[in-house]
Amino acid sequence: MEIREAASQHLMRSAFSRAVNEDMIGLSAAHGGIHRIVCECSRRMCTELLDVTAADYEAVRAHPTRLLVVPGHELADVQRVVSRTRWVAVVQEQQESLRMQSGATNGLHLNNGKRPRVLIVEDEPFTSKLWAINLRSAGLSVLEARNGLRGLARARSEQPDLVTTDVMLPGLDGFELAEALGQDEHTCRIPLIFLSGRGEAAAAARAYALGAVAYLSKSCELRAAASLVAGVLARFTRDEPELVA
């Protein structure tokens with residue numbers, strides 16, 4: 001029974017990753033005939049990237065139970081290797097159908113029993129989607145905004161439990177967004193985390209001065225960053241905000 005349940009969980013995680021890739025492929029055309037996708041293995045929260053040709057991608061998609069994974073990430077009790085190169089492995093799920101994962105969490109809930117909601121303010125669709133994968137894998141609900149003005153509006157109207165933002169944004173930049181959130185009595189207590197491509201100390205110092213609880217580089221390990229977000233939400237109280245180094 002335990003083996004069967006584990007296999008089912010692996011299948012659902014693979015199906016989730018594949019659906020995410022289908023969504024991301026729709027965001028932008030292949031560059032030079034190459035698609036960049038997330039590894040579709042059964043490992044929890046895998047976010048390693050693969051570059052595959054558009055032709056290979058479509059060929060694998062012609063088989064409903066075949067997935068593209070990083071070589072070595074296939075799991076013997078769930079998948080068998082169909083083909084493998086140095087960079088990409090094609091695996092065949094050993095069951096006839098895949099089901100989407102729904103409602104899985106890591107047990108993190110608010111006092112009202114609902115999953116915490118994180119607002120991602122990021123103008124680059126691929127980065128936003130990949131970040132959202134990690135947060136959902138950590139058991140969080142995700143809202144998204146593509147610019148600072150939209151992020152401010154969604155924070156005010158939907159009152160998320162935490163906001164993550166880039167620095168470089170159209171409309172309001174991340175610093176201006178942080179300042180606006182801090183000046184509004186309805187949003188000033190929402191914890192804010194920067195996830196930015198600007199890694200210099202001055203940018204981090206400005207973010208902390210504006211009330212951010214953490215400043216992370218986009219080059220960091222996103223799974224670890226998602227765990228940090230979950231940790232902030234688990235420990236953060238609206239009356240006693242906790243700084244995270």
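Start by selecting Thr127: at 25% relative accessible area, this residue counts as partly exposed. You're looking at a predicted model, so keep that in mind as you click around. Thr127 sits in helix α3. Leaving aside residues up to four places away in sequence, Thr127 touches Glu122 and Lys218. Measure out the second of those partners if you like: Thr127 and Lys218 are 91 residues apart in sequence, yet 9.0 Å apart in space, C-alpha to C-alpha.

**Stop two: the cavity**

Keep Thr127 selected and add Ile120, Val121, Glu122, Trp131, Thr164, Thr165, Asp166, Leu195 and Lys218; together they line the largest cavity. How many cavities of 30 Å³ or more does the structure hold? There are 2, and the largest has a volume of about 50 Å³. Color the lining by class and you'll get 4 nonpolar, 3 polar and 3 charged residues. Now color by element of secondary structure instead: β6, α3 (125-137) and β8 (162-165) each supply at least two of the lining residues.

**Stop three: helix α4**

Next, select residues 148-158, which form helix α4. Which residues of α4 are buried? They are Gly148, Gly151, Leu152, Arg154 and Ala155. Turn the view so you look down the axis of α4: the buried residues fall within an arc of 165°, so they line one face of the helix. Flip to the face turned away from that buried side, and you'll find the exposed residues Leu149 and Ser157.

What do the buried residues of α4 pack against? Show β6 (117-121), β7 (141-145) and α5 (174-183), and you have the packing partners.

Then check both ends of α4. At the N-terminal end, Asn147 acts as the cap, with a side-chain oxygen 3.2 Å from the backbone nitrogen of Leu149. After the helix comes Gln159, in the loop between α4 and β8. Pull up the backbone torsions there: Gln159 isn't a glycine, but its phi is positive, about 50°. Is Gln159 buried, exposed or partly exposed? With a relative accessible area of 32%, Gln159 is partly exposed.

**Stop four: helix α5**

From the packing partners of α4, move on to α5. Its buried residues are Gly174, Phe175, Leu177, Ala178, Ala180 and Leu181. To see what covers them, display β6, α4, β8, β9 (192-196) and α6 (201-209), which are included in that cover. So β6 turns up again: it packs against the buried residues of α4, and it supplies lining residues to the largest cavity. Zoom to the start of α5 as well, where a side-chain oxygen of Asp173 reaches to within 3.0 Å of the backbone nitrogen of Phe175.

**Stop five: Ala54**

Now jump to Ala54, in helix α2 (residues 54-61). Its relative accessibility is 24%, so Ala54 counts as partly exposed. Add Ile34 to the selection: the two are 20 residues apart in sequence and 5.5 Å apart in space, C-alpha to C-alpha.

**Last stop: the whole protein**

Clear the selection and zoom out. The protein has 7 helices and 10 strands. Of its 245 residues, 47% are buried. If you compute a contact map, look at the contacts with a separation of 6 or more: 58% of them come from residues 24 or more positions apart.

Definitions and conventions
Residues numbered from 1 in each chain as written. Predicted model: local features only at pLDDT ≥ 70, side-chain atom pairs only at ≥ 80, totals over all residues. Heavy atoms only, no water. Buried < 20%, exposed > 50% of the residue type's maximum accessible area, 1.4 Å probe, protein only. Helix = DSSP H or I, 4+ residues; strand = E, 2+ residues; numbered from the N terminus. Arc of directions from axis to C-beta. Contact = heavy atoms within 4.5 Å. Polar contact = N/O pair within 3.5 Å; in protein donor to acceptor, adjacent residues only side chain to side chain. 1 Å grid on protein atoms, 1.4 Å probe; cavity = no way out; pocket = protein on both sides within 12 Å on 5 of 7 lines; lining within 4 Å. Points joined across faces, edges and corners; volume = space filled by probe spheres on them. Nonpolar A, V, L, I, M, F, W, Y, C, P; charged D, E, K, R; others polar.
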